[in-house]
Amino acid sequence: MKRNEKNLKKKSIDIKLIILIDIILLIAVFFAYKNIYTVETRKTIYAEASEKFVEENKQPVFKIGKIILYSSANAIDNSDGQLKDIDISQFTDLQVYIDNTKKSPEITAENTINEMYIDNIKFSIKSNNGTKSFNYKNPFDFGKFIQLDNYRDDGILFQISNTNEEDALVNYNDNVFFTDCSNPISLGFVNKDLLTGCEVNSTNGSITFDGSILRSANIQLEDINPSISFTIHLTNNYNEKFTCNVDVDVDLSASDGGIYNGYIMKVINCEEDKYNFLKVSD
């Protein structure tokens with residue numbers, strides 16, 4: 001009887017051990033399957049999202065057609081015309097034209113704008129001299145030296161003009177943009193007082209306060225060439241969101257003297273697909 005009891009106890013332990021091992025194996029199989037299923041599901045989701053992204057951006061609703069740059073300089077003579085105490089600033093104006101006709105030449109809710117703002121603003125210059133500012137600029141002041149307040153921490157927010165009646169009443173001193181993209185985004189960069197208190201010698205007794213003063217003050221252009229970048233965010237009248245990253249290297253020099261001749265103007269016709277606005281998924 002004792003031997004049988006031992007055998008029964010041993011069989012009971014063996015059965016429990018087998019059941020325990022089976023449970024552990026089932027748990028392991030479950031988690032392995034779950035992990036494999038999760039990885040495959042994620043791959044499928046990512047693949048579908050990528051295909052949707054490519055399809056939505058195959059034919060851009062908005063793109064940048066061209067960028068116009070105008071660069072010059074200005075100076076303030078603090079010595080009553082003696083040219084012995086001059087503060088020199090350099091400025092570059094930008095006009096960014098949005099092309100909303102690539103997908104449809106007609107004006108629709110899809111290719112008109114309801115909201116627009118610019119953020120992620122950065123600029124870099126070799127020289128640390130001067131106070132840099134970047135902001136909206138009245139388009140009628142394009143090519144003129146105007147001191148600008150620097151952009152706010154939340155970027156540059158534009159007011160959208162939606163009708164012809166509103167367009168006729170627009171105050172261009174405000175950050176304004178037309179819903180049909182018929183006006184450029186007008187921006188300005190200023191490097192104020194990059195050289196202060198300097199004396200400028202003139203062979204004929206006069207100095208023109210434009211880009212030529214940079215040569216007279218012996219300012220090296222490679223030290224003050226600005227690189228500017230920012231992101232434009234759009235929302236159309238379907239409440240679809242789009243973004244475009246813009247980067248511009250402003251070259252103040254040229255083989256013929258560049259800005260030393262007074263000013264330099266450049267039209268950048270944007271390459272196909274370089275500055276397309278990408279649709280942002282919700």
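## A pair of strands to start from

Ile88 stands opposite Leu195 in strand S8. That pairing is a handy way into this predicted model. The facing residues belong to a longer match: strand S2 (residues 86-99) and S8 run antiparallel to each other over 9 bridges.

S8 has a second partner as well. Strand S4 (residues 131-136) pairs with S8 in the antiparallel sense, here over 6 bridges. If you want a landmark for this side, look for Phe134, which stands opposite Phe189 in S8.

## The chain as a whole

Stepping back, the chain holds 4 helices and 12 strands. Of its 282 residues, 38% count as buried. The surface that the chain exposes comes to about 17000 Å², and carbon and sulfur atoms supply 51% of that area.

How do the contacts spread along the sequence? Among contacts between residues at least 6 apart in sequence, 75% join residues at least 24 apart.

## An open sheet of five strands

Another group of strands is worth tracing by eye. An open sheet of 5 strands follows the order S5-S3-S9-S10-S12, with antiparallel pairing. Its edges are strand S5 (156-157) and strand S12 (278-280), each of which pairs on one side only.

Within this sheet, strand S3 (residues 113-124) and strand S9 (residues 227-236) are joined in the antiparallel sense by 9 bridges. Tyr117 stands opposite His233 in S9, so to speak a signpost for this pairing.

## Salt bridges

How many salt bridges does a search of the whole structure find? The count is 8. One of them joins Lys137 to Asp93, with the closest N and O atoms 2.8 Å apart. This pair links distant parts of the chain: Lys137 sits in the loop between S4 and S5, while Asp93 is in strand S2, 44 residues away in sequence. Are these two charged residues buried or exposed? Lys137 is buried, because its relative accessible area is 3%, and Asp93 is buried too, at 1% relative accessibility.

Lys279 and Glu240 also meet through their side chains, at 2.9 Å from N to O. Lys279 lies in strand S12 and Glu240 in the loop between S9 and strand S10 (241-249), so this salt bridge ties together parts that are 39 residues apart in sequence. A further pair is Lys144 with Asp141, whose closest N and O atoms are 3.9 Å apart. Here Lys144 counts as partly exposed, at 44% relative accessibility, whereas Asp141 is buried at 19%. Asp141 gets that label because buried means under 20% relative accessible area.

## Two residues with positive phi

Most residues other than glycine have a negative phi. Two places in this chain are worth a look with that in mind. Asp193 has a phi near 55°, a positive value in a residue other than glycine. Asp193 is located in strand S8 (residues 185-198), the strand that pairs with S2 and S4. With a relative accessible area of 26%, Asp193 is partly exposed.

Asn218 also has a positive phi, of about 60°, although it is not a glycine. Where is Asn218 placed? Asn218 is in the loop between helix H3 (212-216) and helix H4 (221-224). At 58% relative accessibility, Asn218 counts as exposed.

## A contact across the sequence

Helix H3 includes Ser212. Ser212 and Gly262 are 50 residues apart in sequence, yet their C-alpha atoms are 4.7 Å apart in space. Leaving aside neighbours within four places in sequence, Ser212 is in contact with Ile259, Tyr260 and Gly262.

## Cysteines and a nonpolar patch

If you are thinking about cysteines, the count of disulfides in this model is 0. Cys181 is buried, with a relative accessible area of 8%. Cys198 is buried as well, at 12%.

Finally, turn to the surface. Which residues make the nonpolar surface patch of about 570 Å²? The patch is formed by Ile15, Ile19, Ile23, Ile27, Phe30 and Phe31. Ile27 has its place in helix H1 (residues 2-56). This isoleucine, Ile27, is partly exposed because its relative accessible area is 44%, a value between the 20% limit for buried and the 50% limit for exposed.

Notes:
Residues are numbered from 1 along each chain as its sequence is written. This is a predicted model: local features need pLDDT of at least 70, side-chain atom pairs count only at pLDDT 80 or more; totals for chains, interfaces and linings use all residues. Side-chain values use heavy atoms; hydrogens and water are left out. Patches are made of residues with over 30% relative accessible area and no salt bridge: like charges are joined within 9 Å, nonpolar side chains (Val, Leu, Ile, Met, Phe, Trp, Tyr) within 5 Å. Accessible areas come from the Shrake-Rupley method with a 1.4 Å probe; for residues, only the protein chains shown count as cover. A salt bridge is a side-chain nitrogen of Lys or Arg within 4 Å of a carboxyl oxygen of Asp or Glu. Helices (H or I, at least four residues) and strands (E, at least two) are DSSP runs, numbered from the N terminus. Buried means under 20% relative accessible area, exposed over 50%, partly exposed in between (1.4 Å probe, protein chains only). Two strands pair if DSSP finds at least two bridges between them. Contact means heavy atoms within 4.5 Å. A disulfide is a pair of cysteine sulfur atoms within 2.5 Å.
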